[in-house]
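Me: Please take me slowly through one part of this model, the strands that pair with each other early in the chain, and start from a single helix residue so that I can see how the elements are named.

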Amino acid sequence: MKLKFIPQHDQMDCGPACIAMVASYFGKQIPLHFLKQNANLSREGVSLLSISELCQDIGFETYPAKLTLKTLDENGSLPCILHWNKNHFVVLLDVKKSLITGKKRYKLADPSHGIIWMSEKDFLKSWLSDGENGVALFVSPTNSFYQQTFPEEDKVNLSFALKYFKEHKKKFILLSSMLLLGSGLSLVFPFLTQSLIDKGVNTKDIDLITIILISQVVLYLGSITIEILRNWLMLYIGTRISISIISDFLKKILLLPMGFFDTKMTGDFTQRIQDNERIEEFLTSQSLMTFFSMITFLVFFGVLWYYNVSIVLIYSSLTALSLLWAQYWLKKREILDYYRFREKGQSQESVYELLNGVSEMKLNQFEDYKRQEWEGIQNKLFKTTLRILRVDQYQFSGFEFLNQLKNILVTFFAALQVVKGNMTIGELLAISYIIGQLNSPVNQMISFFRSLQDAKLSLSRLNEVQNHEEEEKEGLKTLALRRAFDQDNDERGITLNNVSFQYEGPKSPFVLKDLNLFIPEGKVTAIVGASGSGKTTLMKMLLRFYDPTKGSIHYNDDNILDLSPKSIRENYGVVMQDGFIFSDTIERNIATSDVEINSKKMENAVKVANISSFIDNLPLGYNTKIGAAGNGISGGQKQRILIARSVYKNPHFILFDEATSALDAENEKIIHDNLQEFFKGKTVIIVAHRLSTVKNADQIIVLKNGEVVEKGDHQDLVSRKADYYSLVKNQLELGN
């Protein structure tokens with residue numbers, strides 16, 4: 001059996017890629033995207049436990065072990081998956097002992113690097129986790145593995161691009177006409193060259209020579225004009241298609257569930273946008289130019305055939321040989337593109353961190369370390385680029401050598417025919433011109449194959465996005481809000497029945513466990529607990545960023561799984577701990593999606609959030625730009641803008657997650673008093689540590705290690721002197 005090497009697409013894909021390679025060794029081609037969707041990936045990657053569980057799901061028996069190198073060499077069944085450098089996974093394929101030196105060498109399939117051989121010393125350096133032992137996962141297929149059917153690998157298909165061409169149909173027709181006209185004009189030149197020598201120079205006909213030369217000048221001017229118009233049209237069409245493709249990609253990205261974003265780094269997304277640009281380049285400049293270059297090639301090829309069949313055979317055989325040479329090195333280059341994609345993503349991630357974390361780096365003298373880390377990434381990128389350059393040079397050098405050899409042999413054969421009297425000097429010059437014109441389409445074809453390879457690689461990465469299930473599905477209901485004539489308001493609200501949640505697989509720790517809660521409509525519910533107790537996760541579940549692992553959440557009589565996530569969020573005003581300030585004006589940050597900003601709502605929102613004095617003191621007032629590309633604001637100002645944003649929305653549900661944690665006591669009291677009027681008639685959920693924020697809530701829920709340990713109002717919970725009392729005793733003089 002032979003293992004198929006499968007590179008990782010993103011920085012966190014090494015585990016699923018290793019499983020896909022092991023499965024291929026045992027005869028099953030399992031798509032990487034299928035394994036990723038079932039691997040419980042997080043932004044930290046995937047754990048060995050999750051890899052083991054996924055292997056079991058697809059029909060493998062698994063044997064995780066912590067063992068010495070001697071045990072691995074003597075008893076380990078290959079291939080197996082190794083934990084590598086404490087943050088990566090690779091597949092061990094083979095161990096061989098040199099007959100000459102007696103030293104062992106290890107063959108690995110590294111999803112981020114390729115198939116590599118490694119010395120024992122280097123192997124131990126990366127594999128050992130505690131100085132003596134390393135971690136390995138041994139697998140063996142069961143009958144279930146061979147009986148299961150898996151999804152087929154998505155075919156790389158560029159047919160989706162046809163809709164973009166249709167939008168510019170008339171301009172494409174005009175561009176095609178110009179390219180055809182340009183090809184037609186170039187066809188005239190060899191015949192003019194032949195006539196110039198045979199009928200003009202040989203017969204000493206000055207008038208004919210003058211006419212031919214003037215004709216060539218006119219044709220050159222026509223070709224230049226066509227070239228200018230063609231380039232303008234190419235730029236226009238290419239730019240418009242690029243905008244459409246990337247816009248549709250961003251639209252698709254924003255329709256995906258939050259779980260998709262949890263496994264991606266910023267660099268992965270920016271690289272995928274560049275993938276879209278590569279596809280656009282292939283669709284416009286490369287495809288069109290190659291198509292019309294091939295028309296030019298065929299026309300000149302026919303003319304060459306007309307002049308001499310033997311020359312055509314020599315030319316064709318050497319051209320075919322040069323194309324095969326180029327194709328061989330293109331296959332070598334294919335895998336290197338994956339590495340460059342990954343390393344460019346890491347590079348962009350590193351730069352993003354440097355720019356956004358500069359203040360913390362200066363405070364903690366972290367600058368040199370992070371800069372050296374960036375240099376390390378650049379060195380890896382440089383080595384990959386060097387490998388690509390080496391492959392390109394081999395390809396180019398061999399191709400050019402065969403190309404020049406072809407030109408020399410054709411010229412020699414044509415000159416021989418002139419010496420023998422079988423061909424005129426004019427025909428020799430015409431053939432030389434034709435050979436020169438044929439070289440350009442052949443070079444264009446090589447560029448086309450390279451661009452096609454890049455486009456296919458890019459498309460395979462984009463398929464993961466395009467084929468990912470959207471969070472908005474057909475048949476989902478809209479969240480029904482309370483009606484004025486409802487009489488059973490006490491029974492309306494949000495109900496959690498035995499809700500549990502895990503971020504990773506079924507054996508990972510529970511973040512929330514067996515929650516049974518009722519959040520009454522029109523009341524204020526406070527949720528408190530120590531850091532890590534699951535409060536923020538619970539909030540995100542109510543917003544349907546995540547679905548319960550077990551149990552159910554109901555909005556009145558509707559199961560949350562039957563409700564449109566968008567319709568839920570439309571009715572929420574939310575201030576999260578990590579709330580985001582957009583690079584835009586203050587008023588746009590508050591009004592967000594409202595095209596026409598309601599001045600009364602804006603005034604009320606700013607008043608409730610107690611931020612009007614801050615805005616009034618700015619030279620541009622509400623039009624002051626803030627965020628990453630604008631004025632810096634303090635943590636307290638940021639929180640007040642976020643509060644104003646939720647108030648402006650005037651939603652049915654309010655969800656505040658540590659919404660006033662950055663405010664001073666005076667501002668917090670003013671905003672707290674302002675919010676009391678705003679809260680009337682709304683369902684309010686507040687997550688906070690400060691007693692002043694939660695003590696007036698209708699009910700207080702205490703979470704501890706993901707479980708509800710207490711429920712009640714402030715007085716009741718304080719009198720119990722249990723967990724709630726412990727949380728707030730340092731804020732009030734409660735005594736013992």
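Reply: Helices (H or I, at least four residues) and strands (E, at least two) are DSSP runs, numbered from the N terminus. The model is a predicted one, in which local features need pLDDT of at least 70, side-chain atom pairs count only at pLDDT 80 or more, and totals for chains, interfaces and linings use all residues. Residues are numbered from 1 along each chain as its sequence is written, and side-chain values use heavy atoms, with hydrogens and water left out.

By this naming, valine 728 belongs to helix 25, which covers residues 723–728. Valine 728 counts as buried (under 20% relative accessible area with a 1.4 Å probe, protein chains only; exposed is over 50% and partly exposed in between), because its relative accessibility is 2%. Arginine 690 is 38 residues away from valine 728 in sequence, and their C-alpha atoms are 7.6 Å apart in space.

Turning to the strands, two of them pair if DSSP finds at least two bridges between them. Strand 2 (residues 80–84) runs antiparallel to strand 3 (residues 88–97), and 5 bridges join them; within this pairing, leucine 82 of strand 2 is set opposite valine 90 of strand 3. The two form a hairpin with 3 residues between them, and in its turn asparagine 85 has a positive phi of about 55°.

Strand 3 also pairs with strand 4 (residues 104–110), again antiparallel, through 6 bridges, and here leucine 92 has leucine 108 in strand 4 as its bridge partner. This second hairpin leaves 6 residues between its strands, and glycine 102 takes a positive phi near 80°. Strand 3 is thus joined to strand 2 and to strand 4.
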